[in-house]
Each structure stands twice: as structure tokens, then as C-alpha cells.
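Trainee: Can you walk me through this one? I'd like to get the layout straight before I look at single residues.
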Amino acid sequence: MKILHTADWHLGKRLDRFSRLEEQALVMNEIVDIADEQNVDLVLIAGDLFDNFNPSVEATELFYKTLKRLSLNGKRPVIAISGNHDSPNLIDAPDPLARECGIILIGHPKATINPFELEHFKISKSAEGFIEIELKNHNSPVRILHTPYANEVRLKEYFGENKESELNSILAEHWKKNADEFCNENGVNLLMTHLYMNKKDAPILEEPEGEKPIKIGNADLVFSDIIPPQIQYTALGHLHSFQNIGTDEKPVVYSSSPLCYSFSEAGQTKYVSVINAEPDQKVSFEKIALQNGKKLVRKTFDSIENTIEWLKENPNSLIELTLESETFLKAEERKIIYQSHSGIVHLIPKIKNQDVHENQLSEINLNQDIQTLFKNYFKSKNGGQEANEELINLFNEIASEK
């Protein structure tokens, strides 16, 4: 059978003042098209469905419309779990109605899904943190161990008080129990979770810039060696770059976010993972690149002219721009730069050749007039750089209003 794995949609996310909803709608269409073109039998969405606990009406509408299209109106099962950006109660709320469309929404750890049957598939077995699905066009079932993100309160509720030191052992025991009871060689066996997982003793994987870090008490890492041996493929969410932290034999895959959401992701290609699986055999998977979404670019220039030239040549991008110069930017220079491009997210001026003495202390003469005090303060904070005339005039204008 074919399975599509995606994660970290972050619907409703903004980049500073820039909405990404239009880009998200385009990439959601692309994911639906891939699912249809690949004729996948099942879709897994491994958390961070929305960007916050209270998503906008537009983000919520895009989410439900996308799920309905992915499910082919009930012909293809779609399973989505909550991540650390999601409200588990919000994810759970529409589940009774969603199931009629073949959509299974799982907000809480150790959730038990009530078995149900539609024309093209049925939930044949269910337990805490486990479901088995029988597809009408396949002889073998697919089993899924599912663990949505658990914050500190939920960990106490679902996994007990000793979460800080015991998370790995508790999850290992929980997953092993379900795997030993339900996951034999006669079906396809998968794990789907939204946790910060890594190989033991491997270098720490960097979380995306601006991402809410997963911090579960003192146990912020779950190690991949606790995955039961019956599991053929583990579908992860949380990290935004595509990577397999498992092996070729037993992939443990972060599928990536569908768009670049921070400048630490600038230049990354985004993917979905399409898995080919059959019982008691090594799975294979293909990462399929997503084409939609604006490029995020970090650029540094040392002249206004070169900056403007590049900006005009690269209109369809979102930019973090650093401009190195001998003096601070004037208002008219900023205006020209912003008029040259509609996607400047950050403009960072950087003064060249600053000889900064951060720990150098000097006595302040408080008997000086306020303008002199301001000039001295500005100079001390900016490596000896004098405030220009425009800045002094602005300061005087503000001071005169007091």
C-alpha cells in the first residue's frame, strides 16, 4: 500500500507582518494533487496542524477543506494528530463529524478511537494510542501507534508523575505493549508521533528559528531506540527539515514543513514522504519536493545601489536584509529600499569598522543639557558612532513635545 506522510502545516502562521495563508492554500492544493497522482491509500499528518491554539476562521476553513479533499469524501482514511502548537480539544472537537468523511482527528495522548466502518475502510481494532485500519482494496491491515504531543500537564495526566526521568521508559513500555499485542507480521505497522526525537548520543538536532521549543519537563528528547522492532516506518512531526534519523531498514522520518517558515530555513526544499509498504517487508519511501511558496532569503550588501538592483531582480521572495555601511541609514535611504521590494521582512543596518569597548565605563555629567546627554548615550551604545543630524532633529522634536 501507499501512504503519504506530511507534518507541520502551521496553518495561519505569519512571518512578522506578512500573512502566509495564500501560499499555504497553494501548497495544500499541491499536497492533495500529489496524494491523488500517487494514488495513496492513507494520509498521515504528524502534528502542528495550526500555528496556535486559536487559529483564524480562514486557517480553520483551509484545514477542513484540505482534509476533506485528501479523504476523497470518505474513500481514503486521513489521520491527523495534534502537535505542540495545537489545542488538543480543538483538534478533537469535530471528530464525530470528521469520521463520516474518513478523517480521524487525535488530540490527546493514549486516545481510544471508537471503531467505525465506511464503504471503503473500517477501524477494526482500537486501544489506547492504537488503531488498526482495514482497507477494502487490500488484504492486509495497517496498524498505527499514535502519540500526539504531550505538554507537562498532559504528561502527568496520561503518563504519571515521574515524567522528567521516565518519559523514554514510559513511552517505550506503552509502545511495546501495543506493538506486542497488535503488530504481527501479517499487517503494515507504523508509528506516528509529534515529539522531539533523535538518535541516542547523536548531535542535537536544531529546532527551527522562532519555533516553540518542545520542552517536556527535563526530558526534552525521546530516543529512537525505544521504537518497537515491529514498526516498519515512524512518521514524525516538529522539525521543519526533511531527515531520516532511523535506518534504511527502519526509517524514522521528519517529513518537513510544507513552507519555509523562518529565515533559519532559508534555501531549504520542502517535501512530503510517500511510503510503499507491505507486511513483513522493508518499506521504501520517496521524498517528493513541494514547489509552491515564496523563497526566504538572507542577504547582506554593502551599498544601496547593489541592494536595490538585487531587490528588483528578485521580486517573488521574502527577505531578511542586512546592509553594511559607514554611517546609519537615512530615512530617505530606507524609503528607497522599501519601495524597491514588497517582501522585506527585516532590514538590519550594520555599521562597519566599529571599535566597540562594551565594558568601558566613564563618569556621566548629569549637568549637561539633554541633547548632549542623548548624543553621548548614542555614541556609547553604537561603538563611538555619532548620531547624524536627522536623528538629532527627530530627538529634539520628541523632546519638545514633553
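Trainee: Which strands does helix 2 lie across?
Mentor: Helix 2 lies across strand 4, strand 5 and strand 6. Its direction is at about 135 degrees to strand 6. Keep in mind that this is a predicted model.

Trainee: Okay, and what sheet do those strands sit in?
Mentor: An open sheet of six strands, in the order 6-5-4-1-16-17, with mixed pairing.

Trainee: Which strands are at the edges, and why do they count as edges?
Mentor: Strand 6 (103-106) and strand 17 (284-289). Each has a single partner strand, so one side of each has no neighbour in the sheet. From one strand to the next, the twist averages 20 degrees.

Trainee: What packs on that sheet besides helix 2?
Mentor: Helix 1 does, touching strand 1, strand 16 (271-276) and strand 17. The direction of helix 1 makes about 165 degrees with that of strand 1.

Trainee: How do strand 1 and strand 4 pair, parallel or antiparallel?
Mentor: Parallel: strand 1 (residues 2-6) and strand 4 (residues 42-46) share four bridges. If you want a spot to find on screen, Ile3 stands opposite Leu42 in strand 4.

Trainee: Back to the helices. At what angle do helix 1 and helix 2 pack?
Mentor: Helix 1 (residues 21-37) and helix 2 pack at about 10 degrees, and their axes are 10 Å apart. Angles under 35 degrees count as roughly parallel, so helix 1 is roughly parallel to helix 2.

Trainee: Which residues make the contact?
Mentor: On the helix 1 side they include Leu21, Ala25, Met28 and Val32. From helix 2, Ala59, Leu62, Thr66 and Leu70 are among them.

Trainee: New topic: is there another sheet to look at?
Mentor: Yes, an open one with three strands in the order 18-19-20, where the pairing is parallel. Strand 18 (295-301) and strand 20 are its edge strands, each pairing on one side only. The twist there averages 10 degrees from one strand to the next.

Trainee: How many bridges link strand 18 and strand 19?
Mentor: Seven, in the parallel sense. One of the partners to look for is Ser317 in strand 19, which bridges to Lys295.

Trainee: And strand 19 with strand 20?
Mentor: Strand 19 (residues 317-325) and strand 20 (residues 344-351) also pair in the parallel sense, over seven bridges. Ile319 has Ile344 in strand 20 as its bridge partner.

Trainee: What gets the chain from strand 19 to strand 20?
Mentor: Look at helix 8 (residues 331-340): with strand 19 and strand 20 it makes a right-handed β-α-β unit. Helix 8 lies across strand 19 and strand 20, at about 145 degrees to strand 20.

Trainee: Where does helix 7 go?
Mentor: Helix 7 (residues 304-313) lies across strand 18, strand 19 and strand 20. It runs at about 170 degrees to strand 19.

Trainee: I clicked on Glu320. Is it buried or exposed?
Mentor: Glu320 is in strand 19. Its relative accessible area is 14%, and buried means under 20%, so Glu320 is buried.

Trainee: What is Glu320 in contact with?
Mentor: Leaving aside neighbours within four places in sequence, Glu320 contacts Phe263, Val297, Arg298, Lys299, His346 and Ile348.

Trainee: What about odd backbone angles?
Mentor: Try Leu72, which has a positive phi of about 50 degrees although it isn't a glycine. Leu72 sits in the loop between helix 2 (57-70) and strand 5 (78-81). With 34% relative accessibility, Leu72 is partly exposed.

Trainee: Got another one?
Mentor: His238 also isn't a glycine, and its phi is positive, near 120 degrees. You'll find His238 in the loop between strand 13 (233-236) and strand 14 (243-244). His238 is buried, with a relative accessible area of 0%.

Trainee: Last thing: what is the mean pLDDT?
Mentor: The mean is 87, and 87% of the residues reach 70 or more. Over residues 356-361, though, the pLDDT is below 50, and beyond near neighbours in sequence that stretch has one contact in the model. Where pLDDT is low, the predicted coordinates shouldn't be read in detail.

Trainee: And how many helices and strands are there in the protein?
Mentor: Ten helices and 20 strands. Of the 402 residues, 51% are buried.

Methods. Residues are numbered from 1 along each chain as its sequence is written. This is a predicted model: local features need pLDDT of at least 70, side-chain atom pairs count only at pLDDT 80 or more; totals for chains, interfaces and linings use all residues. Side-chain values use heavy atoms; hydrogens and water are left out. pLDDT is the predictor's confidence in each residue, from 0 to 100. Contact means heavy atoms within 4.5 Å. Two strands pair if DSSP finds at least two bridges between them. Helices (H or I, at least four residues) and strands (E, at least two) are DSSP runs, numbered from the N terminus. A crossover is right-handed if, with the strands pointing away from the viewer, the path from the first strand over the helix to the second runs clockwise. Buried means under 20% relative accessible area, exposed over 50%, partly exposed in between (1.4 Å probe, protein chains only). Axes are lines fitted to C-alpha atoms, for helices over the stretch in contact, and angles run from 0 to 180 degrees between N-to-C directions. Angles under 35 degrees count as roughly parallel, over 145 as roughly antiparallel, 65 to 115 as roughly perpendicular and the rest as oblique.
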